[in-house]
Amino acid sequence: MSTILDLHTHSEASEDSRAPVEAYLNWIKLRAAERPVDGIVLTEHRQFNRGGDYRALEDKFGTLVLRASEVETNYGHMLVFGVNDDMVKRFDFADVHLDAQTLINEVARMGGIVVPCHPGRPNIGMYEHYQNKPPLENVVAVEALNGGSRKGEDERSAELIAKYGFAATGGSDSHLVSLIGLCATKFSAYIKTIEDLVNELKARNYEPVDFRPRRKAVPHAVAMESR
Amino acid sequence: MTKFDQINIGDTLGPLELFVSKDQCRAYAKLMGMGEGAGRFTDDEAAKKEGLPGMILPGNMSLGLLSKLVTDWIGSSNAWLKQMSTTYRVPVQPDHAITIHGFITNKNPAEQTAEIDVWMENEEAERLVTGTATVEFRK
C-alpha cells in the first residue's frame with residue numbers, strides 16, 4: 001500500500017502564512033480527484049511547533065497530519081524530519097545561520113533526517129551554495145519538486161540530483177490553503193507515524209509527484225482602462 | 001448580488017486577465033508621489049541599476065489589483081473587504097500579461113465571513129504576489 005504525503009507545508013503557525021490546518025484538510029478533500037494526497041507534514045519556519053492537537057481533524061477528514069521543521073543554514077533552507085527533544089536542545093531552530101553539515105550529521109545521529117528544500121532557488125537553495133563551497137556529506141534526499149518554484153528552479157534541483165545521486169522528494173511549500181498538495185511524495189510503503197516517515201525517507205523508496213495544473217499561455221490579456 | 005449562504009468553499013473568483021502598460025505604471029507612481037527618487041517604477045534603466053530586470057509595479061499597485069478581484073466579486077452585495085494581506089514574492093513587470101486568481105477557502109457562519117486566497121501570476125504561471133482576503137457579509 002503506497003502513501004502520498006505533501007512533505008512541505010506552512011500553516012498559520014508560520015509568520016508568513018494564514019492557512020489553518022483544518023482548511024488545508026478540507027481543501028484536500030475537495031480536490032481529492034486532482035491531488036490525491038493522504039497526508040501533510042507541517043514544516044513551520046524556524047521552529048518545531050508542538051501546538052494544536054490534530055487527531056480529531058485527522059479522523060474527520062481521513063488525512064494524516066505530521067510535524068517537522070524548516071530551518072535555515074549556510075547551505076540554504078532544509079526540512080528536518082523526526083524532530084525530538086534532543087534536537088531541539090542541540091540546535092536553536094530560530095538561528096538563520098545553522099551549520100548545514102553539523103545539522104545533517106547530528107540530526108541523523110539523533111534519529112531524524114534532513115532534506116534540503118527548494119535546492120534550485122536562488123540564495124536559499126543548496127544549488128547556488130554548491131557553486132562555491134564543497135558538497136555536503138550524508139545527504140540522502142533533496143526536494144526535487146516544490147510547488148512554489150519559478151521557472152528553472154526545479155530544473156536546477158534535477159541537475160543536483162543527477163550529479164550527486166540524491167533521492168528526490170516533493171512538497172507544495174504551501175502558504176495558502178488552495179495551494180496545498182500541488183507537489184508531494186509517493187512512498188511505496190504505508191506511513192502512519194513520523195517514525196515511519198523518517199525510516200522511509202532513509203530507505204529511499206519514494207518519488208516526487210507533480211499535481212500542478214499544466215501551465216497554459218494567457219490567450220487574450222485585456223488592457224486596463226486608462227483613467 | 002451574492003449572499004453569504006450562496007457561496008461555497010472552492011468557489012472561484014476570476015480569473016482576471018490584465019495587461020498593465022509602462023505608461024500606466026508611470027502614471028500610478030506619479031499619482032502616488034513615487035516618481036521622484038523611485039526610478040524603478042518609472043524608468044527601465046534606473047530599475048536595472050538596482051539589479052531589477054526593468055521597471056516594476058509599485059507594491060501598492062499590485063495590492064490594488066488583487067483587491068480589485070475581490071471588490072469586483074463583492075459588487076453590489078451587502079459585504080465589504082475587511083482585511084487583506086499580501087506577500088511579494090517576485091517583482092511584477094509592466095508590459096506583461098498578468099492573471100489574478102481567487103478561491104474561497106473558508107467560511108465562518110458565526111462571523112458571516114469568507115476567507116479568500118488571491119494571487120497574481122505572469123505568463124509562465126509563476127506566482128508573483130500572493131495574499132489572503134477576508135470578506136464580511138453584513139447580517
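How many salt bridges does the rule find across the interface of chain A and chain B? The legends below refer to a predicted model, and the first of them takes up this question.

**Figure 1. The interface of chain A and chain B in the predicted model.** The rule finds three salt bridges across this interface. In one of the views, the side chains of Arg150(A) and Glu126(B) form a salt bridge, with 3.3 Å from N to O. Polar contacts also link the chains: 10 residue pairs, both members at pLDDT 80 or more, are found across the interface. In total, 28 residues of chain A are in contact with 33 residues of chain B. The area buried between the two chains is about 2,400 Å², and carbon and sulfur atoms give 54% of that area.

**Figure 2. The side of chain A that touches chain B.** Two elements of chain A, α1 (21-30) and β10 (222-223), each give two or more residues to this side. The element that gives the most is α1(A), with four residues. Sorted by class, the residues on this side of chain A comprise 14 nonpolar, six polar and eight charged.

**Figure 3. His45(A) in strand β2 of chain A.** The strand that holds His45(A) covers residues 39-45. Is His45(A) buried or exposed? His45(A) counts as buried, because its relative accessibility is 9% and the cut-off for a buried residue is under 20%. The side chain of His45(A) makes a polar contact with the side chain of His175(A), at 3.2 Å. Apart from neighbours within four places in sequence, the residues in contact with His45(A) are His10(A), Ser14(A), Glu15(A), Asp16(A), Glu70(A) and His175(A).

**Figure 4. Helix α3 of chain B and the elements around its buried residues.** Helix α3(B) has 16 residues, 59-74. At 1.5 Å a residue, the helix should span 22 Å, and its end C-alpha atoms are 23 Å apart, which agrees. The buried residues of α3(B) are Met61(B), Ser62(B), Leu65(B), Leu66(B), Ser67(B), Leu69(B), Val70(B), Trp73(B) and Ile74(B). In an α-helix there are 3.6 residues a turn, so residues three or four places apart point the same way. The buried residues of α3(B) pack against several elements of chain B, including α1 (22-31), β1 (12-20) and β2 (79-88). Strands β3 (96-108), β4 (113-121) and β5 (127-137) of chain B are also among the elements against which they pack. After α3(B) comes Gly75(B), which has a positive phi, near 55°.

**Figure 5. Gln83(B) in strand β2 of chain B.** Gln83(B) is partly exposed, because its relative accessible area is 40%, and partly exposed residues lie between the cut-offs of 20% and 50%. Which residues, apart from neighbours within four places in sequence, are in contact with Gln83(B)? They are Arg18(A), Thr132(B), Ala133(B) and Thr134(B). Gln83(B) and Ala133(B) are 50 residues apart in sequence, and their C-alpha atoms are 5.5 Å apart in space.

**Figure 6. Chain B as the setting of the preceding two views.** Chain B contains three helices and five strands, which follow the order β-α-α-α-β-β-β-β from the N terminus on. The C-alpha trace of chain B spans about 50 × 30 × 20 Å along its principal axes. Of its 139 residues, 50% count as buried. Among contacts in chain B between residues at least 6 apart in sequence, 65% join residues at least 24 apart.

Definitions and conventions
Residues numbered from 1 in each chain as written. Chains lettered and ligands numbered in written order. Predicted model: local features only at pLDDT ≥ 70, side-chain atom pairs only at ≥ 80, totals over all residues. Heavy atoms only, no water. Contact = heavy atoms within 4.5 Å. Buried area = accessible area lost by both parts, 1.4 Å probe. Salt bridge = Lys/Arg side-chain N within 4 Å of Asp/Glu carboxyl O. Polar contact = N/O pair within 3.5 Å; in protein donor to acceptor, adjacent residues only side chain to side chain. Nonpolar A, V, L, I, M, F, W, Y, C, P; charged D, E, K, R; others polar. Buried < 20%, exposed > 50% of the residue type's maximum accessible area, 1.4 Å probe, protein only. Expected span 1.5 Å × (residues − 1).
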